[in-house]
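Me: I would like a close look at a single part of this structure, taken slowly and with the details connected to one another.

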Amino acid sequence: MDDDPVIRVLARQALAALDFSVEEAEDGESALEALAQSPPDLVLLDVEMPGIDGFETCARLRALDVGREIPVLMATGRTDSETIDRAFQVGATDFIKKPLDWQLLQHRVRFVMRASHAFGELRQTLADLRNSQQRLASAQRLAGIGHWEWTPGERQMLWSEELYRILGVEPRAGASTLDAFLSAVHADDRERLEKALRRAAAESTPWSLDHRIVPASGSQRVVHHRAEVNRGASGAAELISGTVQDVTERRRSEERIRYLAYYDTVTALPNRRMLSEYLTRVIEQGSQDDHRFALLYLNLDRFKRINDTLGHAIGDELLRRVATRLTTRVRTTDYVGHVRTEHAATISRLAGAEFALVLSEIASPEDAAPVARRVLEILDEPFEIEGHELALTAKVGIAVYPGDGSDPNTLMRSANAAMDHAKRDSREGYRFFSESMNERALRCLELENHLRSAAERDELVLHYQPQLDVSSGAITGVEALARWDSEHFGFVSPGEFIPLAEETGLIGPIGDWVLRAACSQARQWLDAGLPPLRIGINVSSHQVRKGTLLETVARLLEESNLEPGLVELEITESALLGDEPEVGQTLEGLKTLGVRLALDDFGTGYSSLSHVARFPIDCLKIDRSFVSRIHVDEQANAVILAMLAMARRLRIQVVAEGVETEEQEAFLRSEGCDLLQGFRIARPLKVEALEDLLRRR
């Protein structure tokens with residue numbers, strides 16, 4: 001439909017070349033009459049026409065029974081957001097810009113036609129499935145069993161009506177997804193179910209397990225879950241189907257018996273028997289996965305005196321308060337689980353005033369020290385019971401698998417021995433069984449104490465790593481990198497003090513110092529007559545989430561009289577995880593201020609694409625883990641190419657980090673990467689060395 005006869009002739013020629021049969025109309029009224037008589041497979045519709053325009057024509061077309069499913073491709077010379085929004089509001093499937101590129105029109109028509117046919121076939125398939133579902137739902141309703149089907153790799157699932165009821169999900173279009181299914185599963189059981197699904201998809205292995213679900217109503221249920229795999233001709237899993245049966249009442253009886261056997265009746269924590277069995281499982285896993293875990297043995301000082309003086313009733317209440325405080329106030333990031341679950345053996349009451357904590361899969365033995373300190377801090381606050389203010393102290397012994405024991409009994413003896421050692425001689429209140437581990441833990445404690453005042457003592461400095469603009473060959477930006485030259489320890493590696501700062505919460509003050517120092521240095525360079533440099537500054541998740549980042553940046557820009565576009569805040573994905581609206585508001589505010597935003601370590605997180613779409617990102621920094629595998633791993637090459645292609649489509653700048661070889665540089669240049677950063681370009685430089693480099697260039 002177009003009132004321009006020349007356009008219609010050219011369009012007919014372009015589409016006839018693809019063997020399409022083409023009908024023409026010069027205005028909306030005649031077009032609608034023809035559509036009612038002979039519905040086409042696709043409509044190419046001009047927006048501006050005499051009589052009723054393209055918007056009205058499209059709206060009337062959609063009101064016709066025959067026109068509801070016909071794809072409509074709108075042609076318009078206006079590409080402002082208002083025009084595009086209106087086109088989709090009236091029912092346009094897609095739009096193409098005028099003047100028309102005839103080759104692009106051919107491709108666009110082919111694509112829309114294929115999509116339309118695919119959706120038509122899908123609608124028919126869904127109709128057939130609905131009939132089958134109705135028959136299956138009747139049988140499942142009688143048996144009280146829900147049923148699902150899932151194609152590995154897909155997010156959408158097929159659920160029976162009974163399964164919606166069991167999961168507590170309101171039946172609606174698009175609700176039956178894998179994410180919704182897993183969200184209904186209890187958090188402590190979710191990993192087991194995901195593992196079973198992954199194994200079924202990878203190995204075509206059927207499975208059967210019991211787990212908990214938490215429907216929207218909040219009433220926890222227990223289900224018996226079974227699944228089988230349909231294999232294709234190659235033997236790979238093509239479809240996985242399963243049944244879910246509610247067995248809550250049966251499990252309640254079993255749980256009561258289990259509780260009496262495996263849990264302490266005073267505190268409701270797992271007992272020594274449960275701990276021993278849990279340690280056995282963790283050790284079996286550790287022997288296969290080669291991972292470490294730590295056992296903390298906690299003893300309350302002088303607890304017997306409280307029992308003897310105030311009675312066992314108050315003593316028992318004190319034990320319950322200790323258990324509650326540990327399970328509610330030691331963060332889950334400290335590796336402590338919840339009470340009365342399969343994995344709750346991570347914190348147990350052994351006997352009397354003795355407790356045990358298991359820290360599973362620690363990265364290094366020293367990770368146990370912050371947890372021990374946290375436990376002692378929590379117990380240091382007095383307890384008030386029946387008018388008595390009771391002050392507690394405690395000692396903690398730490399044993400680490402496998403070095404301090406390869407079986408539960410040996411580990412518990414080692415931790416107990418370390419606890420006895422802590423009672424005899426420990427200013428910190430805890431001891432490692434291994435002296436070398438204890439020395440490393442003490443170093444971490446000393447580092448933390450010195451790091452707290454490093455900025456005041458002028459021990460923190462910034463080095464700057466140049467970024468090379470591929471198109472111009474100029475250094476157009478730098479990344480500011482914090483370094484610590486300690487008077488007490490000497491040069492401390494960033495790989496040692498940055499994680500420590502993040503763990504202890506010092507990363508916030510250090511990050512603010514870096515922002516202030518970097519802005520001040522950028523101003524000094526401009527005053528010295530050096531060319532403007534965009535300066536990249538790493539921002540921690542702590543800074544993004546605490547809510548003062550926008551105010552801080554605005555103040556520093558004003559103090560330094562610095563152009564906002566010269567500041568680029570580098571944010572990792574961890575700062576963007578979750579749905580906190582404050583994070584989005586902060587980033588939008590920074591964008592309005594004129595500051596650039598870069599997504600650091602891109603490609604290493606779980607939801608990079610969603611972050612690029614949701615937040616106002618100006619730049620992607622390809623992580624060095626991909627760059628280092630260029631020409632070594634074809635998959636790395638493919639991932640980088642995909643990142644570059646996506647960035648070009650989104651008009652986002654790309655920086656490749658960790659460029660170290662000539663081959664890596666050549667590959668990135670040839671594929672259109674915007675900026676290069678790494679030892680191939682320059683190492684991180686002190687201020688004077690960077691200034692010399694800039695003047696030479």
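How are α19 and α20 oriented relative to each other?

Reply: In this predicted model, the axes of helix α19, which spans residues 549-560, and helix α20, which spans residues 581-593, come within 9 Å and cross at roughly 20 degrees. Angles under 35 degrees count as roughly parallel, and α19 and α20 are therefore roughly parallel to each other. The crossing in which α19 passes α20 is right-handed. On the α19 side the contact is made by Leu-549, Leu-550, Val-553, Ala-554 and Leu-557, while α20 contributes Thr-586, Gly-589, Leu-590 and Leu-593. By character, the residues of this contact divide into 7 nonpolar and 2 polar, with no charged residue among them.

Further along the chain from α20 comes strand β21, residues 596-602, of which 6 of the 7 residues are buried, so that the strand is largely enclosed by the rest of the structure. Strand β21 also has pairing partners. Strand β20, residues 567-571, runs parallel to β21 and is joined to it by 4 bridges, with Glu-570 standing opposite Ala-598 of β21. Strand β22, residues 619-622, likewise pairs with β21 in the parallel sense, here over 3 bridges, and in this pairing Leu-599 stands opposite Leu-620 of β22. Taken together, β21 is a largely enclosed strand that pairs in parallel with β20 and with β22, while α19 and α20 meet through a contact without charged residues.

Notes:
Residues are numbered from 1 along each chain as its sequence is written. This is a predicted model: local features need pLDDT of at least 70, side-chain atom pairs count only at pLDDT 80 or more; totals for chains, interfaces and linings use all residues. Side-chain values use heavy atoms; hydrogens and water are left out. Axes are lines fitted to C-alpha atoms, for helices over the stretch in contact, and angles run from 0 to 180 degrees between N-to-C directions. Helices (H or I, at least four residues) and strands (E, at least two) are DSSP runs, numbered from the N terminus. Angles under 35 degrees count as roughly parallel, over 145 as roughly antiparallel, 65 to 115 as roughly perpendicular and the rest as oblique. A crossing is left-handed if the near helix is turned anticlockwise from the far one by less than a right angle, and right-handed if clockwise. Contact means heavy atoms within 4.5 Å. Ala, Val, Leu, Ile, Met, Phe, Trp, Tyr, Cys and Pro count as nonpolar, Asp, Glu, Lys and Arg as charged, and the others, Gly among them, as polar. Buried means under 20% relative accessible area, exposed over 50%, partly exposed in between (1.4 Å probe, protein chains only). Two strands pair if DSSP finds at least two bridges between them.
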